[in-house]
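Please open the model in a viewer and keep the sequence panel visible. The stops below are arranged as a series of selections, each followed by a description of what is found there.

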Amino acid sequence: MTNRTTGTTPTAQPPLCLPPDPHPRKPRHRLPPGATDCHCHVYEDPQRYPYVADRSYTPAPADRQAYLAMCATLGLERTVQVSASVYGSDNRLTLDLIAALGQHRARGVAGLSPQVEAAELHRLHEGGMRGVRVSTLVKGYGGTDAIAELAPRIRPLGWHLQLHFHHAEEIAQLEPMLLRLAVPLVFDHMGCVDGRLGPDQPGFQAMLRILRQRDDCWAKISSWHRRSHSGPPGYTDMRPLVEAMVDARADRLVFGTNWPNPALFAPDTMPNDGDMVDLFCDWVPDAAVRQAILSDNPARLYGFPPLAG
């Protein structure tokens with residue numbers, strides 16, 4: 001429909017996300033010291049931290065106080081804030097949160113322009129950033145076509161590329177390039193697999209091969225509810241995928257809540273974070289493996305200091 005006054009066509013507004021569950025349940029399982037949420041976001045005052053116009057969603061309020069309250073309930077002591085796609089290459093909110101919590105407790109992953117200058121990268125590194133995210137699923141970040149420009153720019157800092165795919169099949173398509181890429185890699189959200197297809201799906205198997213062959217490659221056990229087709233409360237189709245990842249490379253896995261689970265819209269179901277922690281712990285029953293995924297591996301990947309004795 002054209003606006004009769006201006007003669008222009010109204011632009012569709014990005015859809016509004018569901019808010020996070022305000023009452024996270026305390027898990028049955030006690031998390032180990034240094035347990036780290038390796039994938040999460042906060043969204044605060046849009047007047048101070050404005051959203052980019054070309055974005056995939058509009059977040060519901062989800063500020064640092066609500067996030068930290070959730071962490072306290074679950075037993076998460078450290079955080080890796082992923083600068084959300086709605087902020088594009090403006091990383092101020094993530095930097096501000098890291099500064100408020102301290103780098104002994106917080107690190108970040110940035111959104112960047114492929115043409116980012118070395119001075120800006122050094123500023124972000126000093127502020128606690130340790131990687132850059134690219135995505136073929138959400139607007140706001142560069143897609144995988146930005147990898148060729150970003151990789152040589154971040155390599156001197158030891159940063160990783162965090163890869164967020166629309167479909168896991170993209171991993172299989174990019175496998176030769178990903179195997180030879182000269183920067184560390186982190187696969188978002190279990191490679192963005194399809195729960196219906198099980199562990200044998202080509203993209204998932206490509207991710208496992210890369211994990212086995214590269215000692216500087218990591219994957220996040222996170223956001224499985226989005227990729228499940230069996231659905232809540234058990235998300236049973238995702239358990240074999242988690243178990244396959246643990247069997248392949250438990251020393252290169254990390255965990256993330258993906259709080260506040262952006263880009264979920266009515267009538268989707270917002271998971272309870274305590275329930276998701278318990279599912280993870282049920283799926284990874286070995287306490288030593290859980291400690292590696294929740295605490296030891298994140299410390300190595302993001303450079304957290306040793307825990308106080």
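## First stop: a buried tryptophan

Select Trp-259, which is buried at 2% relative accessibility. The model under examination is a predicted one. Add Tyr-67 to the selection; Tyr-67 is likewise counted as buried, at 0% relative accessibility. The ring centres of Tyr-67 and Trp-259 lie 5.4 Å apart with their planes at 55°, so the pair is classed as tilted. Tyr-67 belongs to helix H1, whereas Trp-259 is in the loop between strand S8 (253-255) and helix H9 (273-283); the pair therefore links distant parts of the chain, 192 residues apart.

## Along the loop between S8 and H9

Remain at Trp-259 and display the backbone towards Pro-260. The peptide bond that joins Trp-259 and Pro-260 is cis, with omega about 0°. Pro-260 is placed in the loop between S8 and H9.

Next, select Ala-263, which is found in the loop between S8 and H9. Phi of Ala-263 is near 65°, a positive value in a residue other than glycine. With 24% relative accessibility, Ala-263 counts as partly exposed.

Then move to Ala-266 and Pro-267, where the peptide bond is cis with omega near 10°. Pro-267 also has its place in the loop between S8 and H9.

For another positive phi, select Tyr-235, where the angle is about 45° although the residue is not a glycine. Tyr-235 is located in the loop between helix H7 (224-227) and helix H8 (239-249), and it is buried, with a relative accessible area of 5%.

## Aromatic pairs and a tyrosine cluster

The structure holds six aromatic pairs. Select Tyr-43 and Tyr-57 to see an edge-to-face pair, with 6.3 Å from centre to centre and 85° between the planes. Both residues lie in the loop between strand S1 (36-40) and helix H1 (64-74), so the pair ties together parts that are 14 residues apart in sequence. Tyr-43 is buried at a relative accessible area of 3%, and Tyr-57 counts as buried at 4%.

Extend the selection to Tyr-51 and Tyr-87: ring pairs link Tyr-43, Tyr-51, Tyr-57 and Tyr-87 into a cluster.

## Arginines over ring faces

Select Arg-107 together with Phe-304; Arg-107 lies over the face of the Phe-304 ring, at 5.2 Å from its centre. Then select Arg-252 and Trp-218, where the arginine lies over the ring face at 4.9 Å from the ring centre.

## Cysteines

How many disulfides does the structure hold? The number is zero. To see why, select Cys-38 and Cys-40: Cys-40 holds the cysteine sulfur closest to that of Cys-38, yet the distance is 8.3 Å, too far for a bond. Cys-38 is buried, with a relative accessible area of 0%. Now select Cys-192, whose sulfur is 14 Å from the closest cysteine sulfur, in Cys-217, again too far for a bond. Cys-192 counts as buried at 2% relative accessibility.

## Salt bridges

Side chains of opposite charge can pair when their charged atoms come close. In this model the count comes to 18 salt bridges.

- Select Lys-139 and Asp-54, whose side chains meet in a salt bridge at 3.4 Å, N to O. Lys-139 lies in the loop between strand S4 (129-135) and helix H4 (147-154) and Asp-54 in the loop between S1 and H1, so the pair ties together parts that are 85 residues apart in sequence. Lys-139 is partly exposed at 43% relative accessibility, whereas Asp-54 is exposed at 53%.
- Select Asp-216 and Arg-214, which meet in a salt bridge at 2.8 Å, N to O. Asp-216 is partly exposed at 28% relative accessibility, while Arg-214 is buried at 7%.
- Select Asp-251 and Arg-249, which meet in a salt bridge at 2.7 Å, N to O. Asp-251 is partly exposed, with a relative accessible area of 30%, and Arg-249 is buried at 12%.
- Select Arg-25, Arg-28, Asp-275, Asp-278 and Asp-282 to display a network of linked salt bridges.

## Last stop: the annotated region

Finally, select residues 37-304, which UniProt lists, in an unreviewed entry, as "domain: Amidohydrolase-related". Over residues 37-304 the chain is 39% helix and 14% strand, with the end C-alpha atoms 13 Å apart.

Notes. Residues are numbered from 1 along each chain as its sequence is written. This is a predicted model: local features need pLDDT of at least 70, side-chain atom pairs count only at pLDDT 80 or more; totals for chains, interfaces and linings use all residues. Side-chain values use heavy atoms; hydrogens and water are left out. Rings of Phe, Tyr and Trp (its six-membered ring) pair if their centres lie within 6.5 Å; planes under 30 degrees apart count as stacked, over 60 as edge-to-face and the rest as tilted. Helices (H or I, at least four residues) and strands (E, at least two) are DSSP runs, numbered from the N terminus. Buried means under 20% relative accessible area, exposed over 50%, partly exposed in between (1.4 Å probe, protein chains only). A charge sits over a ring if NZ of Lys or CZ of Arg is within 6 Å of the ring centre and within 35 degrees of the ring normal. A disulfide is a pair of cysteine sulfur atoms within 2.5 Å. UniProt positions are given in the numbering used here, feature names are shortened, and annotations may be inferred rather than shown by experiment. A salt bridge is a side-chain nitrogen of Lys or Arg within 4 Å of a carboxyl oxygen of Asp or Glu.
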